[in-house]
Structures are given as C-alpha cells and as structure tokens.
Amino acid sequence: MATLGIIGSGHIGSAVARLAVAADMNVVIANSRGPETLTDLVAELGPLARAGTVEEAANAGDAVVLAIPLKAVKDLPEGLLKGKIVLDSSNYYPFRDGSIDGLLDNSVTTSELMQRLTGARTVKVFNNILAAQIPALARPTGAADRSALPIAGDDEQAKTEAARIIDQLGFDTVDAGTLADSWRFEPETTAYGRLYFEDPNVPDEKMADAAPGATPVEQLKAALDGAARVNVAERRF
C-alpha cells in the first residue's frame, strides 16, 4: 500500500490527505508546530493516517505533497527532500513571501526555485485549485464529470508517478510541460482558480460560497494554451 507524505496541514494539505485515505493510501502528515497539534485531524482521517515530524513525513512517503508557504521552504531541514518525488502546491505571493530575486522579474518560476532549494524531483500540482474544490470535484477514474489538473516537471518519471497518484486521488491530469512552463497555471492565469467554478465569472467576494464545476481535460488544455504570463511584481494577491 502506497504512503503519501504530506508536509503542511493547512487547507490544501488536509484536503489531499482526505482524498488519500479515501483511496486507501497511508498518510503521514506533518506541520511546523509538531505532531501533537494534529490529533484532531488524524482522528478524523482514520487508521490509515498518522501525524509525524516533517522528517518522518518525508522519509515515509513514496511521494511527498509540499503544501507550505513558499517563504517556509528555506526553513526545511537541509537535504530533506533531495531526490524525493515532491508534489509542489506552492504559489508566490509577494505580500506574504516577501521580495524573492528571480520571481519578481519572472526569470524563474516558483517551482523552479523550489526545486533548486530542495533538490527534489518536483512536480507542480494542486496550486491552481481552491482547497474546497479538491474533495468536491474528485471522481472515480472514467467518471463522465471528472476534472483534470495540470502538472509540470522536468523529470518525466516523476511526472508519470505523480499522474498515477493523482488518478488515485480522483483527477485526470494534463501535462503542461516543464517547471519553466508552470507559470501557465499560476495565480491570475486562465488555468487558475476560476476554471473550477460552475460559474467562472463569479465575483471575488462570492468565491468562498460558489459551486464547483467539473473541468474536463479539453477545457483545461484550452485554458493552458490561452494563458498569458502575469507580471508577478504587479500581482493583485
């Protein structure tokens, strides 16, 4: 039985953990505050899940979901993720993460930087969808209303393994290219966020209560093809 390590117990990490145990995967989940703060979440997830340190989550996982703020990546233990398949859900928000050379001028993407910092076999995924939409849109393989998620990475074998895991979790995947191409589904692009609402024109102030909508492969491909690169320094959020 596969084990998924999850570093980050916030909205995205918890949502992926729920899908993983529903797919009969073992889960080791960690956060920066320690395993004792995860008692309630692990009790909710059930016997396939346990809390651990970030080292335990990284070491136990056949793959690791990294769901922490980008500014926190530098605080991970050195070498923790080197050589590991990492499903990277990070986005760069200058107001939260501060000024980071290379990101503000678009000379690197968020996941390219993350890979340089960690030495991981990075696959970008889960960054373009709201946490609440993850369990709401997950469907069995072959379902008519199944949604797709974009993935990007430089390691083809890692992308293949990531796609297999994501299929188990309930989503099809679309290969969006290398980590250098991953800007195509970062914040404010056509393949980010609103694509997964029933009404993609829902006002910002109503997004929290808006109904999710199935986003099939062809719709996602069209959004990726139509994406324009955002000036990160002018990002609104």
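Is phenylalanine 126 buried or exposed? Phenylalanine 126 is buried, at a relative accessible area of 1%. Keep that residue in mind while going through the close-ups below, which come from a predicted model.

**View 1. Phenylalanine 126, a loop residue with a positive phi.** Here we look at the loop between β6 and α6 (133-137), where phenylalanine 126 is found. Its phi is near 70 degrees, a positive value in a residue other than glycine. With just 1% relative accessible area, and with buried meaning under 20%, phenylalanine 126 therefore falls in the buried class. Phenylalanine 126 also turns up among the residues with the most contacts inside the largest nonpolar core, which is the subject of the next view.

**View 2. The largest nonpolar core, with 49 residues.** Besides Phe126, the residues with the most contacts inside this core are Leu4, Val16, Leu87, Ile134 and Phe171. The top contributor is helix α1 (residues 11-22), which gives seven residues to this core. Apart from this core lies another one, of 23 residues, including Ala57, Leu66, Ile100 and Leu113. As background, nonpolar side chains tend to be buried together in soluble globular proteins.

**View 3. Leucine 87 and the strands around it.** Zoom in on leucine 87 and, leaving aside neighbours within four places in sequence, you'll find it in contact with Ala63, Val64, Val65, Leu66, Val123, Val125, Phe126, Ala162 and Ile166. Strand β5 (residues 85-88) runs parallel to strand β6 (residues 121-124), and the two pair over four bridges. In this stretch, valine 123 in β6 stands opposite leucine 87. β6 has another partner, strand β7 (residues 148-153), with which it pairs in the antiparallel sense over two bridges. There, lysine 124 stands opposite alanine 152 in β7.

**View 4. The largest pocket, with about 540 Å³ of space.** A total of 21 residues line this pocket, and Ile12, Ser89, Asn91, Tyr93 and Arg96 lie nearest its centre. Two elements, α1 and α4 (94-97), give two or more residues to the lining. Of the elements, α1 gives the most, with three residues. Sorted by class, the lining comes out as twelve nonpolar, eight polar and one charged residues.

**View 5. Valine 108, buried in a loop.** Valine 108 sits in the loop between α4 and α5 (110-118). Its relative accessibility is 8%, so valine 108 counts as buried. Skipping neighbours within four places in sequence, valine 108 is in contact with Gly102, Leu103, Leu113, Arg116 and Arg229. The C-alpha atoms of valine 108 and alanine 180 are separated by 6.9 Å, although the two residues are 72 residues apart along the chain.

**View 6. Alanine 60, partly exposed in a helix.** Alanine 60 belongs to helix α3 (residues 54-60). Its relative accessible area is 28%, which means that alanine 60 counts as partly exposed. Once neighbours within four places in sequence are set aside, its contacts are Thr3, Val28 and Arg50. For scale, the C-alpha atoms of alanine 60 and alanine 158, 98 residues apart along the chain, are separated by 17 Å.

**View 7. Aspartate 24, another positive phi.** The last close-up shows the loop between α1 and β2 (26-30), where aspartate 24 has its place. Aspartate 24 is not a glycine, yet its phi is positive, at about 65 degrees.

Terms used. Residues numbered from 1 in each chain as written. Predicted model: local features only at pLDDT ≥ 70, side-chain atom pairs only at ≥ 80, totals over all residues. Heavy atoms only, no water. Core = buried A, V, L, I, M, F, W, Y, C linked by side-chain atoms within 4.5 Å. Buried < 20%, exposed > 50% of the residue type's maximum accessible area, 1.4 Å probe, protein only. Contact = heavy atoms within 4.5 Å. 1 Å grid on protein atoms, 1.4 Å probe; cavity = no way out; pocket = protein on both sides within 12 Å on 5 of 7 lines; lining within 4 Å. Points joined across faces, edges and corners; volume = space filled by probe spheres on them. Nonpolar A, V, L, I, M, F, W, Y, C, P; charged D, E, K, R; others polar. Pairing = 2+ DSSP bridges.
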